Amino acid sequence: MFRENPNKKLSLAERGAIVALTNSGLGVREIARQLGISPATVGRWQFRFLETGDILRREGSGRPRVTTPLQDLRLLRVVLNKPITTSKEIADTADVDVSRQTIVRRLKAVNRIPRRAVRKFFLSPQHIEDRFEFAALHAYRDAQWWRSVIFTDKKTFG
């Protein structure tokens with residue numbers, strides 16, 4: 001039973017497997033090899049099971065969140081109201097002082113991604129002049145012909 005992500009926390013089933021394999025008489029290294037985890041992790045959970053009698057994670061282990069559920073909800077509301085916006089605008093509108101990455105993580109948790117509008121450049125004076133010359137040159141053309149004209153000075157694909 002090798003783990004897809006060795007950095008992810010052990011599941012309840014994996015912690016139970018450590019205890020079961022320990023009770024069957026296997027050593028730390030053999031258990032670690034079978035489960036695809038480090039021997040230190042096996043030893044830690046064996047010790048914790050002997051100490052507490054259970055395999056539950058400790059309350060509050062891990063870094064505390066920097067946002068409250070109410071702040072998370074405000075971030076989500078901002079994105080729902082205006083989907084095309086930057087992380088900075090989201091933080092300012094929601095009045096939440098967190099990093100851009102925190103906002104991205106909170107929104108990804110609810111399957112939303114902050115988006116920003118693509119920057120489009122205005123026509124340069126040269127482009128304007130070229131278009132005017134083209135229009136003057138073809139002013140006699142009918143409306144049907146003009147419907148087929150597409151100006152493509154700067155087009156980004158992708």
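# Reading an all-helix predicted model

User: Where do I start with the overall dimensions, and what is the radius of gyration of the protein?

Analyst: Start by setting the value beside that of a globule with as many residues. A compact globule of 158 residues would have a radius of gyration near 15 Å, whereas the protein has 30 Å. Along the principal axes, the C-alpha trace spans about 95 × 35 × 25 Å. Keep in mind that this is a predicted model.

User: Which secondary structure elements does the protein have, and how many?

Analyst: There are eight helices and zero strands. Read along the sequence, the pattern is α-α-α-α-α-α-α-α.

User: How does the UniProt annotation map onto that, and which residues does it cover?

Analyst: The unreviewed UniProt entry carries the annotation "domain: Transposase IS30-like HTH" for residues 8-44. In the model, that stretch is 70% helix and 0% strand. Its end C-alpha atoms are 15 Å apart.

User: Next, burial and contacts. What percentage of the residues is buried?

Analyst: Buried residues make up 25% of the 158. For contacts, look at sequence separation: of those with a separation of 6 or more, 48% join residues 24 or more positions apart. The accessible surface comes to about 12,500 Å², and carbon and sulfur atoms account for 56% of that surface.

User: How should I read the charges, and how many positive and negative side chains are there?

Analyst: Count each set, then compare where their centres lie. The protein has 30 positive and 16 negative side chains, with the two centres 5 Å apart.

User: Now a single helix. Which residues of α6 are buried?

Analyst: The general idea comes from helix geometry. An α-helix has 3.6 residues a turn, so residues three or four places apart point the same way. Helix α6 runs over residues 100-109, and its buried residues are T102, I103, V104, R106 and L107.

User: What do the buried residues of α6 pack against?

Analyst: They pack against α4 (69-81) and α5 (87-94). After α6 comes N111, which has a positive phi, near 60°.

User: Take D72 as a last case. Is D72 buried or exposed, and why?

Analyst: Compare its relative accessible area with the cut-off: buried means under 20%. D72 has a relative accessible area of 19%, so D72 counts as buried. This residue is located in helix α4.

User: Which residues is D72 in contact with, leaving aside neighbours within four places in sequence?

Analyst: The contacts of D72 are R65, T67 and R106. R106 is also one of the buried residues of α6.

Key. Residues numbered from 1 in each chain as written. Predicted model: local features only at pLDDT ≥ 70, side-chain atom pairs only at ≥ 80, totals over all residues. Heavy atoms only, no water. UniProt positions renumbered as here; feature names shortened; annotations may be inferred. Helix = DSSP H or I, 4+ residues; strand = E, 2+ residues; numbered from the N terminus. Rg over C-alpha atoms; globule rule 2.2 N^0.38 Å. Buried < 20%, exposed > 50% of the residue type's maximum accessible area, 1.4 Å probe, protein only. Contact = heavy atoms within 4.5 Å. Areas by Shrake-Rupley, 256 points an atom, 1.4 Å probe, with all protein chains shown as cover. Lys, Arg positive; Asp, Glu negative; His and termini not counted. Charge placed at Lys NZ, Arg CZ, Asp CG, Glu CD.
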